[in-house]
Amino acid sequence: MFPFPKTMKMLLLYSFFSALHHFVHAKAPPYELCSNTTISTTNSIFDYNLEKLLDSLSSNASVSKFYTTKMGNDQDRLFGLFLCYNFVETQKCENCIASAIQDIKNRCENRNEAVMWEENC
């Protein structure tokens, strides 16, 4: 079959199955990226802007597959965006954004930066 010694064949076979095992057991979405920097939980302006931003993202998911917005001023300014794949139906996009917003709140609580990747958005 191959001009390699039996040991080399076994090593190649092991490498193949090792890579396959890693691929099959890869973590499923959502994938998060939360900053290491925390925010003060007593900053009501930041919290207010965050809720307004997330509400804006959520409400616009029913009419668009891409949306970007910002809320607040100066140090309390927040930026947000979402993108759904073009082949994803509008209702599934809306559900995906709602799920991402919940995941950001749960997984990146009190962080000043958060990114969430879901299955379709």
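1. Let's start with one residue, I97. In this predicted model, I97 touches L57, S58, A61, F82, C84 and C121, leaving aside residues up to four places away in sequence.

2. I97 also turns up in the largest nonpolar core. That core has 16 residues, and I97, L57, F82 and C93 are the ones touching the most other members. Two or more core residues come from each of α2, β3 and α3. As a general point, nonpolar side chains in soluble globular proteins tend to be buried together.

3. Now have a look at α2, which runs over residues 44-60. Its 17 residues reach 24 Å from first C-alpha to last, close to the 24 Å expected at 1.5 Å a residue.

4. Which residues of α2 are buried? They are F46, N49, L53, L54, S56, L57 and N60. Seen down the axis of α2, they fall within an arc of 155 degrees, so they line one face of the helix. In any α-helix there are 3.6 residues a turn, so residues three or four places apart point the same way. Turned away from the buried side of α2 is a face with the exposed residues S44 and Y48.

5. What do the buried residues of α2 pack against? Their partners are β2 (66-71), β3 (78-83) and α3 (90-107).

6. Finally, the largest pocket: about 850 Å³ of space lies in it. Of its 34 lining residues, L54, I104, A114, V115 and M116 lie nearest the centre. α2, β3, α3 and β4 (114-117) each give two or more residues to the lining, and the largest share, 7 residues, comes from α2. One α2 residue to remember here is L54, which is buried and is among those nearest the pocket centre.

Terms used
Residues numbered from 1 in each chain as written. Predicted model: local features only at pLDDT ≥ 70, side-chain atom pairs only at ≥ 80, totals over all residues. Heavy atoms only, no water. Helix = DSSP H or I, 4+ residues; strand = E, 2+ residues; numbered from the N terminus. Expected span 1.5 Å × (residues − 1). Buried < 20%, exposed > 50% of the residue type's maximum accessible area, 1.4 Å probe, protein only. Arc of directions from axis to C-beta. Contact = heavy atoms within 4.5 Å. Core = buried A, V, L, I, M, F, W, Y, C linked by side-chain atoms within 4.5 Å. 1 Å grid on protein atoms, 1.4 Å probe; cavity = no way out; pocket = protein on both sides within 12 Å on 5 of 7 lines; lining within 4 Å. Points joined across faces, edges and corners; volume = space filled by probe spheres on them.
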